[in-house]
Amino acid sequence: MENLPLYISFIFGIITLITLLLFCRVIKEADLKTAKPNTHIIFPALIVWLIIQAFLALNDVYSTHLNSLPPRIVLLGILPPVFVIILLFNTKKGKLFMDSLPLLPITYINIMRFFVEIVLYWLFLHKAIPELMTFEGINFDIIAGITAPFIAYYGISKSKININLVLCWNIISLTLLINIVIIAFLSAPSPLQKLGFDQPNIAILYFPFNWLPTFVVPVIAFGHLVSIRQLIKKKISYSSTMVKQ
């Protein structure tokens with residue numbers, strides 16, 4: 001992207017790499033015996049996915065033909081991970097895999113949202129996204145990033161926060177994520193654009209920022225869905241135990 005300082009792209013690349021490593025750590029620490037060996041498959045697969053997304057962005061696949069429907073970044077970058085998540089939630093092996101994932105490292109991944117919000121603010125200052133996509137606008141996702149380490153440590157590691165509050169935090173944080181996803185989508189240049197006409201959301205069409213909707217956001221969303229599923233199952237199990245007693 002023209003007139004964008006290199007350090008912004010570099011820092012976001014580091015954020016994506018750390019998110020990748022943290023996610024692979026989640027899989028490596030899974031309770032399911034079959035999940036750990038899959039780390040050797042999943043990690044290279046995710047690397048290939050990131051390379052494919054980089055190739056598409058660097059060859060202007062996303063930043064051209066902006067009038068196409070559905071938008072190319074949706075078709076080639078967002079729908080595939082969404083399909084994988086849906087598949088996991090609708091297969092027996094997928095459910096077993098998700099239930100084996102440890103909640104503590106999943107929750108810690110959300111810390112990266114704080115740094116993503118800082119990058120988004122820098123992108124706004126350099127006219128690559130609209131202000132409404134930042135914490136000075138109507139994006140409050142930074143709250144999830146700030147509170148994540150406290151929820152992880154006191155709520156999951158030390159069990160000093162009620163499970164209902166941890167569940168509520170996940171639901172609220174997922175809602176905050178959905179909020180910025182909707183804002184970003186409606187601000188991006190396409191026939192569906194409804195917001196940010198003075199300064200459209202062009203950053204996600206270029207490398208490395210296209211990694212945000214095609215990798216970072218799906219990882220965070222998947223983590224919340226897994227956490228909500230596990231926490232609800234724990235509540236049901238606890239309630240059943242209390243009834244039997």
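## A tour from Asn201 to the aromatic pairs

Start by selecting Asn201 and showing its neighbours: leaving aside residues up to four places away in sequence, Asn201 touches Ala128, Ile129, Pro130, Met133, Ala184, Ser187, Ala188 and Pro189. Keep in mind as you click around that this is a predicted model.

Where does Asn201 sit? Colour helix 8 (163-187) and helix 9 (211-244), and you'll find Asn201 in the loop between them. Now switch on a surface. Is Asn201 buried or exposed? Asn201 counts as buried because its relative accessibility is 0%, and the cut-off for buried is under 20%. Back in sticks, look at what its side chain is doing: the Asn201 side chain reaches the backbone oxygen of Ala184 at 3.1 Å. Ala184 is also one of the residues that Asn201 touches.

Next stop, a helix pair. Select residues 112-125 for helix 6 and residues 142-157 for helix 7. Two packed helices are described by the angle between their axes and the distance between the axes. Here the axes come within 7 Å and cross at roughly 150°, and the crossing is left-handed. To see who meets whom, show Arg113, Phe114 and Glu117 on the helix 6 side, then Ile142, Ala144, Gly145 and Ile146 on the helix 7 side. Colour that contact by residue type and you get four nonpolar residues, one polar and two charged.

Stay on Phe114 for a moment, since aromatics come next. How many aromatic pairs does a search of the whole structure find? The search turns up eight. Phe114 pairs with Phe115 edge-to-face, with 5.3 Å centre to centre and 85° between the planes. Phe114 counts as partly exposed because its relative accessibility is 30%, and Phe115, at 39%, counts as partly exposed too.

Then jump to Phe207 and Trp211, another edge-to-face pair: 4.9 Å centre to centre, with 80° between the planes. Put the surface back on for these two. Phe207 is partly exposed, with a relative accessible area of 30%, whereas Trp211 counts as buried at 13%.

For the last stop, select Tyr121, Phe124 and Phe135 together. What links these three into a cluster? Ring pairs do, so show the rings of Tyr121, Phe124 and Phe135 in one view and zoom in. Tyr121 and Phe124 fall in the 112-125 stretch of helix 6, so you can leave that helix coloured while you look.

How values were computed. Residues numbered from 1 in each chain as written. Predicted model: local features only at pLDDT ≥ 70, side-chain atom pairs only at ≥ 80, totals over all residues. Heavy atoms only, no water. Axes fitted to C-alpha atoms, helices over the stretch in contact; angles between N-to-C directions. Helix = DSSP H or I, 4+ residues; strand = E, 2+ residues; numbered from the N terminus. Left-handed = near helix turned anticlockwise from the far one by under 90°. Contact = heavy atoms within 4.5 Å. Nonpolar A, V, L, I, M, F, W, Y, C, P; charged D, E, K, R; others polar. Buried < 20%, exposed > 50% of the residue type's maximum accessible area, 1.4 Å probe, protein only. Polar contact = N/O pair within 3.5 Å; in protein donor to acceptor, adjacent residues only side chain to side chain. Phe/Tyr/Trp six-rings, centres within 6.5 Å; stacked < 30°, edge-to-face > 60°.
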